[in-house]
Amino acid sequence: MTIWEMLAVFAAGISAGTINTIVGSGTLITFPVLLATGLSPVTATVSNALGLVSGSISGAIGYRAELAGQRRRVLRLSLVAAIGGLSGATLLLTLPPTAFETVVPVLVGLALVLVIVQPRISRAVQRRREIKGTTAHPDGGPLLITGLLLASVYGGYFTAAQGILYVALMGMLLDDTLQRINAVKNVLAAVVNSIAALFFVFVAELDWTAVVLIAVGSAIGGQIGATYGRRLSPNALRGLIVAVGVVAIVQLLLRRFG
């Protein structure tokens with residue numbers, strides 16, 4: 001890499017770490033930059049996954065106050081995320097590069113719809129529980145476990161917009177605030193990125209210059225994202241998720257059909 005390419009990758013790492021902590025989809029910033037430096041798609045993907053681990057951990061630490069009281073939930077969902085992430089990382093090295101590109105915009109679009117309508121559906125579900133005298137499952141139940149497993153498979157494969165999928169699923173199936181859900185999302189993303197990266201270290205070709213630049217940048221970005229993301233109101237956070245998600249869909253469609 002030239003010095004200018006290195007600066008671009010570092011800046012992309014900061015941006016990705018920031019947006020991943022608040023919303024997700026930071027890979028849509030780093031991945032094109034890595035491709036522009038001449039890396040192959042697979043090398044860019046695996047180098048990006050390893051580099052973003054520090055950003056995910058940094059963001060999770062920044063949200064530690066919102067994680068209070070969620071230890072059991074986090075441990076259980078993290079196990080599911082680890083299994084899915086390892087499966088997705090394996091698929092990356094065995095499936096054609098375009099295998100997920102057609103279905104991903106559909107998944108992200110559906111997740112955005114769920115994020116938008118989540119408050120109304122949550123109120124309806126709560127009224128139904130009050131009528132029946134039941135309570136919400138503290139960990140979301142089998143439906144959330146299944147959804148997070150599939151989202152983590154995708155996250156291990158590519159990672160772009162996995163955070164949006166996590167927030168949509170947990171927002172629908174957990175009786176909790178959006179900021180506390182976002183904190184869990186950061187932990188799950190850290191788990192998936194770490195598992196996938198550990199797998200890639202042993203079986204894939206990495207560009208270590210890119211890994212280090214993104215790792216340092218995303219760690220800085222994780223703290224920036226936690227500092228400002230935690231101040232957002234639920235409506236502002238939801239609006240930002242939708243805005244980033246729309247950009248993600250457009251970019252994914254351009255990559256697929258452009």
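**Two internal cavities in an all-helix model**

Of the 258 residues in the protein chain, 52% are buried (under 20% relative accessible area, against over 50% for exposed and in between for partly exposed, with a 1.4 Å probe and protein chains only). The model is a predicted one, in which local features need pLDDT of at least 70 and side-chain atom pairs count only at pLDDT 80 or more, while totals for chains, interfaces and linings use all residues. Residues are numbered from 1 along each chain as its sequence is written, and side-chain values use heavy atoms, with hydrogens and water left out.

The chain holds twelve helices and zero strands (DSSP runs of H or I with at least four residues, and of E with at least two, numbered from the N terminus). Mean pLDDT, the predictor's confidence in each residue from 0 to 100, is 82 for the chain, and 85% of the residues score at least 70. Among the elements, helix α11 (residues 208–229) has the highest mean, 93, and helix α7 (residues 104–132) the lowest, 68. A word of caution fits here: where pLDDT is low, the predicted coordinates should not be read in detail.

A search of the whole structure turned up two cavities of 30 Å³ or more. A cavity is a set of points on a 1 Å grid over the protein atoms alone where a 1.4 Å probe fits but cannot get out, and its lining residues have an atom within 4 Å of a point. Points are joined across faces, edges and corners, and the volume is the space filled by probe spheres set on them.

The largest cavity encloses about 140 Å³. Its lining counts 16 residues, of which N20, S56, Q162, A189 and N193 are the closest to the centre. Helices α1 (3–22), α4 (53–62), α9 (162–173) and α10 each give two or more residues to this lining, and α10 gives the most, with four. By class, the lining has two nonpolar, 13 polar and one charged residue (nonpolar: Ala, Val, Leu, Ile, Met, Phe, Trp, Tyr, Cys and Pro; charged: Asp, Glu, Lys and Arg; polar: the others, Gly among them).

N193 belongs to helix α10 (residues 178–203) and counts as buried because its relative accessibility is 5%. Beyond its neighbours within four places in sequence, N193 is in contact (heavy atoms within 4.5 Å) with A49, L52, V53, S56, T159 and Q162.

The second largest cavity has a volume of about 50 Å³. Residues lining this second cavity include F31, A49, T159 and F200. Its lining comprises five nonpolar, six polar and no charged residues.

Methods:
1 Å grid on protein atoms, 1.4 Å probe; cavity = no way out; pocket = protein on both sides within 12 Å on 5 of 7 lines; lining within 4 Å.
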